[in-house]
Structures are given as C-alpha cells and as structure tokens.
Amino acid sequence: MQTKWAGKNLHYYECIESTNTTLAGLAMQGACHGTLVVADRQTAGRGRRGRSWESPAGKNIYFSLLLTPAFTPDKASMLTLVMACAVTRGIEQVLGENAGMAADFLELSKPQIKWPNDILLNQKKICGILTELHISPGNADEYSVIVGVGINVKAQEFPEDIAGKAGSIEELTGVSLSRKRLTQSIMSAFETCYELFEADGDLSLLMDEYNGRLINKDSQVKVLDPKGDFTGVARGINAAGELLVELPDGSVTTVYAGEVSVRGTCGYV
Ligand code: ATP
C-alpha cells in the first residue's frame, strides 16, 4: 500500500463468510483504524437490508476497511459516499494506466454512481458498498465503522436473477485489471477522500465530484420508500449525502439512504 494508514494492516483470506463479519471480529480484538480485510471468495457476502452479494473465487475484489473516526456516529452513513468517490477514482486511475482499449473507453464512458452505494459502468452494476456501524455495548461514544466493498473485476457469468443488471470491468472495458493494483489505488484514493471529508465533517468538498458522477442526476427516478414509493427528479446530493428529489409540485424533498433504494422509472437505472 502506498498509503499512510489505509490498508497498511492487511489480513488476506482465501475464503471467508464475509469480509465485514471477519473485520468486525478483528475490531472487537482491538484492530486499528485502517485495518483491511481482503478475501478471494465470500460464502455469505452481504448487501444492504439482508441482500446477498455474489462472491465467486478468482474473479473479483472483496474488501472491508475499518475506521475508528473521531466524529459522531450519525455521520457514519456518509462514509459510503466517500468510498464511492474513492472507488470511482481508483477504477479511473488504473484503467488510465492500461493503455489502448482503456484510453478509448475512458473517453466514452466513466464510472458512475447510483445513489447511495452502487458503482456502474455503461449502466451495469460493477460494485456495491455496505457500511456497518458497530457501537460498543455500554459506551455509545466508542464505535467503529466498517466499509465493505465488492467489485466485479474479471469477466464471469452472473446468476440469472442479476445477469440483467450486473457487469464486470473486464467485460465492459475489454481490460483485465490487476486486483492488487486496483485495491492499492482505491486505498490511496480513500485516504485522500477521507481527509476531504474530515476537513468539514461532511461531503461539502466531495459533493460536486459525487454529483458529477450521479447516474440519475436530473432524471426521473422512483424512490422505493417503505413508507410509500414516489417519483420525482433527482437533483443531486446535499453536503449530508442525502438525495434531493424534486416532486411534481416543484417542492424538493431530501431522501436519507438508510431505508430506501432508487430506480429509474423504467428499470434499474
Ligand atoms: P439495488 O442494487 O437493488 O439498488 P442495493 O443498492 O440496496 O440495491 P446492494 O446492497 O448494493 O443493493 O447489493 C445487493 C444487491 O446487488 C443484490 O440484491 C443483487 O441484486 C445485486 N448483486 C448481488 N451480487 C452482485 C454482484 N456481484 N454484482 C452486481 N450486483 C450484485
């Protein structure tokens, strides 16, 4: 790692249930800020709200990063968005290092973000991010955050239920990236993005970048809210990482990432 702290303390496993779960165990044993768990395969990779993350061996990146922030736990969900910026920066950096196809591809298409936690290339989901908060029992001030990331790197066959929306970097760009190099690059980018986040304690310094990559920006979206679905036009995030959605009557509502998903009006994006 070419970093000061992110990923310096690295634990690699060939096969584990979930990098988030393993890292939570290491955190209980006192692992330090920036500890990284990497696996070649997960048998029970998780997505948001109990969904699963397809995690075959030999193809992809699965990692989880431990953070023990000085700021209050209510800000933790913003770290998903900080990581989304880091992943897109990392992918772009490493594609840029691979001449030929990648250079042509980069002119045509950039990694985009589907708020709050998915990265897409050419409309296909290539990455998901899952942030989990661990508060120490009996002391709410003592907490850690685990940011888990899954990235589809090599070409592969996806299970039928996600084949329509999932893709891999190799399949979408023609470039087979080194998983090691990409992980390194994302860690370096995360360190930079995290410093920008810490400077103001919010996403003020990353908001323009995030909004510039937002796939649904200024498009009609359907917000899947447990209190009732609604449609509107996505206008981008605010400094707290909430999505601003303009409703048909012209008013703007803010959507908090915790409970909802966003879709295009005719499909996944
Ligand atoms: P959605 O992607 O439906 O908007 P989400 O952002 O809440 O939902 P995540 O937590 O990012 O979902 O990821 C879980 C979902 O991602 C699964 O329900 C499945 O549809 C899809 N998925 C699972 N494994 C992969 C994978 N390897 N690549 C792409 N998509 C996947």
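**Notebook: Trp5, its ring partner and the H2/H6 contact**

I began with Trp5 in this predicted model, and I noted that Trp5 has a relative accessible area of 19%, which makes this residue buried, because the cut-off for that word is under 20%.

I then looked up the aromatic pairs and found that the structure holds six of them. One of these joins Trp5 to Phe190 in an edge-to-face arrangement, with 6.5 Å from centre to centre and 85 degrees between the planes. I checked where the two residues sit: Trp5 belongs to the segment before strand E1 (10–16), while Phe190 belongs to helix H6, so their pairing ties together parts that lie 185 residues apart in sequence. For Phe190 I wrote down a relative accessibility of 0%, and this residue therefore counts as buried.

Which residues do ring pairs link into a cluster? I listed Trp5, Phe71, Phe190, Tyr194 and Phe197 as its members.

My next entry concerns helix H6 (residues 179–200) and helix H2 (residues 78–97), whose axes come within 7 Å of each other and cross at roughly 135 degrees. Are H2 and H6 parallel or oblique to each other? I recorded them as oblique, because the angle of roughly 135 degrees falls outside 65 to 115 degrees and is not over 145. I also noted that the crossing in which H2 passes H6 is right-handed. Turning to the residues of the contact of H2 with H6, I wrote down 17 nonpolar, four polar and three charged.

I closed the page with helix H6 as the element shared by both topics, as H6 holds Phe190 of the pair with Trp5 and also crosses H2.

Key
Residues are numbered from 1 along each chain as its sequence is written. This is a predicted model: local features need pLDDT of at least 70, side-chain atom pairs count only at pLDDT 80 or more; totals for chains, interfaces and linings use all residues. Side-chain values use heavy atoms; hydrogens and water are left out. Axes are lines fitted to C-alpha atoms, for helices over the stretch in contact, and angles run from 0 to 180 degrees between N-to-C directions. Helices (H or I, at least four residues) and strands (E, at least two) are DSSP runs, numbered from the N terminus. A crossing is left-handed if the near helix is turned anticlockwise from the far one by less than a right angle, and right-handed if clockwise. Ala, Val, Leu, Ile, Met, Phe, Trp, Tyr, Cys and Pro count as nonpolar, Asp, Glu, Lys and Arg as charged, and the others, Gly among them, as polar. Rings of Phe, Tyr and Trp (its six-membered ring) pair if their centres lie within 6.5 Å; planes under 30 degrees apart count as stacked, over 60 as edge-to-face and the rest as tilted. Buried means under 20% relative accessible area, exposed over 50%, partly exposed in between (1.4 Å probe, protein chains only).
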